[in-house]
Amino acid sequence: MLINAKKMIKPVGWRERRIESFGEDPLECSECGNVMEFRGIAVLKKGHLTLQFANDVLAKKYINREIEIIESETYKCKIKEATRKAIKKYRFNWDQREKEINERYRVHLSNM
C-alpha cells in the first residue's frame, strides 16, 4: 500500500502524461525510433538565428554549426528550389480543368 501511495504522490511530467493519454511517446522519432533530447534553443532575432540556451559545450557547438548551415546561401537556394518545384507540381491549371469538364459532359451525336 505504501508503494501505491508513493506512486500517487510522485509528480508526473508532460511526457508521461502524453504517453498515458495517447499511448505514444512525444519525444520518439516517427522515422527511426530514437528518443529526442532537449539540448538547447535557437531563436530568430533581427532576421538571424541566434543561440539562446545550450545544455553544455557540445550542444552549443552543434547548435551553432546547424545555425551556420541553415543561414548559408546554398541552403536557402535549395529551399527556394524545393518550394518552386512543389508549387509547380501542385499548381491548379484552370484551362486544363475546364477542357476536361467540357469533354466529360459533351453530348456526342453517336450517343443519341
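Visitor: How many salt bridges does the structure hold?
Guide: Keep in mind that this is a predicted model. Side chains of opposite charge can pair when their charged atoms come close. Counting such pairs here, the structure holds 4 salt bridges.

Visitor: Which side chain meets Arg 15 in a salt bridge?
Guide: Let's start from Arg 15, which sits in helix α2. Its partner lies in the loop between α2 and β1, so the pair ties together parts 10 residues apart in sequence. The N to O distance is 2.5 Å, and the partner is Asp 25.

Visitor: Is Asp 25 buried or exposed?
Guide: The cut-off for buried is under 20% relative accessible area. Asp 25 has 18% relative accessibility, so it counts as buried.

Visitor: Which residues are linked with Arg 39 in a network of salt bridges?
Guide: Arg 39 meets the side chain of Glu 37 at 3.3 Å, N to O. Arg 39 also meets Asp 56, at 3.0 Å, N to O. Asp 56 lies in the loop between β2 and α3 and Arg 39 in the loop between α2 and β1, so that pair ties together parts 17 residues apart in sequence. The residues linked with Arg 39 are therefore Glu 37 and Asp 56.

Visitor: How do the rings of Phe 38 and Phe 53 pair up: what is the arrangement called?
Guide: A search of the whole structure finds 1 aromatic pair. The ring centres of Phe 38 and Phe 53 are 6.1 Å apart. Phe 38 is in the loop between α2 and β1, while Phe 53 is in strand β2, 15 residues apart. Their planes meet at 10°, and planes under 30 degrees apart count as stacked, so the pair is stacked.

Visitor: In which sense do β1 and β2 pair?
Guide: These strands form a hairpin with 2 residues between them. Gly 40 stands opposite Ala 54 in β2. Over 6 bridges, the sense of β1 and β2 is antiparallel.

Visitor: Which residue in the turn of that hairpin has a positive phi?
Guide: Most residues other than glycine have a negative phi. One residue in the loop between β1 and β2 has a phi of about 55° although it is not a glycine. At 86% relative accessibility it counts as exposed, and its name is Lys 46.

Visitor: What is the accessible area of the nonpolar patch on the surface?
Guide: The patch is formed by Ile 69, Ile 70, Tyr 75 and Ile 79. Helices α3 and α4 each give two or more residues to the patch. Ile 79 lies in α4, and counts as partly exposed at 41% relative accessibility. Together, the four patch residues have an accessible area of about 320 Å².

Notes
Residues numbered from 1 in each chain as written. Predicted model: local features only at pLDDT ≥ 70, side-chain atom pairs only at ≥ 80, totals over all residues. Heavy atoms only, no water. Patch = residues over 30% accessible without salt bridge, like charges linked within 9 Å, V, L, I, M, F, W, Y side chains within 5 Å. Areas by Shrake-Rupley, 256 points an atom, 1.4 Å probe, with all protein chains shown as cover. Helix = DSSP H or I, 4+ residues; strand = E, 2+ residues; numbered from the N terminus. Buried < 20%, exposed > 50% of the residue type's maximum accessible area, 1.4 Å probe, protein only. Phe/Tyr/Trp six-rings, centres within 6.5 Å; stacked < 30°, edge-to-face > 60°. Pairing = 2+ DSSP bridges.
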